[in-house]
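Subject: Structure for your files

Hello,

Here is the structure I said I would pass on. My notes on it follow below.

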Amino acid sequence: MPQGAGRPTRTARVAAVLLAALLSLTATPATAAEDATPSGSGAPAVPLRVATYNIHAGAGEDQVFDLDRTAAALRDLRADVIGLQEVDVHWGERSDFTDEARALAEKLRMRVFFAPIYDLDPAAEGGERRQYGVAVLSRHPVLHAENHEITRLSTQTPDPVPAPAPGFAEIVISVQGVRTHVYSTHLDYRADPSIRAAQVDDMLGILADGRGPGVLVGDFNAEPSAPELAPLWHTLRDAAPDAGLTYPAIAPQKRIDLITVSDGITVTGARTHATDASDHRPVVADLRLPREDR
């Protein structure tokens, strides 16, 4: 639920270019979804199973770091695309300085794009940079990836002020020829909703630049009925309103991990997955993407 500590980098685009090399990981482009069924327009709909999971830096509800357990929980979802939050890349002792984005991609044989929120100097001379942020795993070819800036409030600065910072991930994938935008986000956790309200405005501005089907997933740190999320529902739909609560993982009391979709996308099913591999539960939804008649 809370985000990691550090100072945000102001070089989001540079970081995105460097980190895009991760997209070349060996992976099979197969999809977990079934064959498409005809849509109302007569054009075949395109199946896509999407999930979101705040992985708590690989630590379970028991606070034990176990990335194999995290990978097993993700594997059980059988998703084609997964938005991740609270991802450590050489961050610290809590995750054994592991590159969690690359390690999970390798374990699941998926492509990955990591979008750091924080990018700090190495813990020791000659070490890797310490990074923390969000990521997107994909079984489909990735055509484009970008780490966008949205308003954030530093978790490190004693008297932080709202400022643009990276960590809003976007990938464009080809799903049976349909270009689809998938975004992974982690909104501010504080009780004051003003930062989340600004983040929603920022995200909507970025989403407006996309063309074609769009899917926004993440840890919103607010329930769908929260006033600061209201502007989202003019553009997007809640894909899993009846899927169940997500936080905390054991005896959850809130639904703050959301999958949202743009107009034209059909939702055929959604559920949460009961696991204590994190302090959140993952959410998975089966979608049908619109495709124009040729």
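**A buried valine in β7**

Val178 is buried, because its relative accessibility is 7% and the cut-off for buried is under 20%. Please keep in mind throughout that this is a predicted model. Val178 sits in strand β7, which covers residues 178–186. Leaving aside residues up to four places away in sequence, Val178 is in contact with Val46, Ile173, Pro213, Leu289, Pro290 and Arg291. One of these partners, Pro290, is 112 residues from Val178 in sequence, yet the two C-alpha atoms are 8.2 Å apart.

**The chain as a whole**

The chain has 294 residues, of which 57% count as buried. Its secondary structure consists of 4 helices and 12 strands. Taking the contacts with a separation of 6 or more, 72% are between residues 24 or more positions apart.

**Nonpolar cores**

The largest nonpolar core contains 27 residues, and Val215 and Ile259 have the most contacts inside it. At least two residues of this core come from each of the strands β1 (46–54), β3 (111–120), β4 (130–138), β6 (163–175), β7, β8 (214–219), β10 (257–262) and β12 (283–289). There is also a second core, separate from that one, with 25 residues; among them are Phe114, Ala135, Leu137 and Val284.

**Helices α2 and α3**

How do the axes of α2 and α3 cross? Helix α2 spans residues 67–77 and helix α3 spans residues 100–108; their axes come within 10 Å and cross at roughly 55 degrees. The two helices are therefore oblique to each other, since that class takes in the angles that are neither roughly parallel, roughly antiparallel nor roughly perpendicular. The crossing of α2 and α3 is right-handed.

On the α2 side, the contact is made by Leu67, Asp68, Thr70, Ala71, Leu74 and Arg75, and on the α3 side by Glu100, Ala103, Leu104, Lys107 and Leu108. By class, this contact of α2 with α3 has 6 nonpolar, 1 polar and 4 charged residues.

Which residues of α3 are buried? They are Glu100, Ala101, Ala103, Leu104, Ala105 and Leu108. The cover over the buried residues of α3 includes α2 as well as β2 (81–89), β3 and β4. Just after α3, Arg109 adopts a positive phi of about 55 degrees.

**Backbone points to check**

Most residues other than glycine have a negative phi, and most peptide bonds are trans. Besides Arg109, with its positive phi, the following places depart from that pattern.

- Gln63, which is not a glycine, has a positive phi of about 70 degrees. Gln63 is in the loop between β1 and α2, and it counts as exposed because its relative accessibility is 54%.
- Gln176 also has a positive phi, near 50 degrees, and is a residue other than glycine. Gln176 belongs to the loop between β6 and β7. With a relative accessible area of 41%, Gln176 is partly exposed.
- Tyr247 and Pro248 are joined by a cis peptide bond, with omega at about -10 degrees. Pro248 is in the loop between β9 (236–238) and β10.

**Two further residues**

His90 lies in the loop between β2 and α3. Is His90 buried or exposed? His90 is buried, because its relative accessible area is 19% and the limit is under 20%. Not counting residues up to four places away in sequence, His90 touches Phe97, Thr98 and Asp99, and also Glu128, Arg129 and Arg130. The C-alpha atoms of His90 and Glu128 are separated by 6.4 Å, although the two residues are 38 apart along the chain.

Pro164 is in strand β6. Its relative accessible area is 38%, so Pro164 is partly exposed. Between the C-alpha atoms of Pro164 and Arg152 there are 6.0 Å, and along the chain the two are 12 residues apart.

Regards

Definitions and conventions
Residues are numbered from 1 along each chain as its sequence is written. This is a predicted model: local features need pLDDT of at least 70, side-chain atom pairs count only at pLDDT 80 or more; totals for chains, interfaces and linings use all residues. Side-chain values use heavy atoms; hydrogens and water are left out. Buried means under 20% relative accessible area, exposed over 50%, partly exposed in between (1.4 Å probe, protein chains only). Contact means heavy atoms within 4.5 Å. Axes are lines fitted to C-alpha atoms, for helices over the stretch in contact, and angles run from 0 to 180 degrees between N-to-C directions. Angles under 35 degrees count as roughly parallel, over 145 as roughly antiparallel, 65 to 115 as roughly perpendicular and the rest as oblique. A crossing is left-handed if the near helix is turned anticlockwise from the far one by less than a right angle, and right-handed if clockwise. Ala, Val, Leu, Ile, Met, Phe, Trp, Tyr, Cys and Pro count as nonpolar, Asp, Glu, Lys and Arg as charged, and the others, Gly among them, as polar. A nonpolar core is a set of buried Ala, Val, Leu, Ile, Met, Phe, Trp, Tyr and Cys residues joined through side-chain atoms within 4.5 Å.
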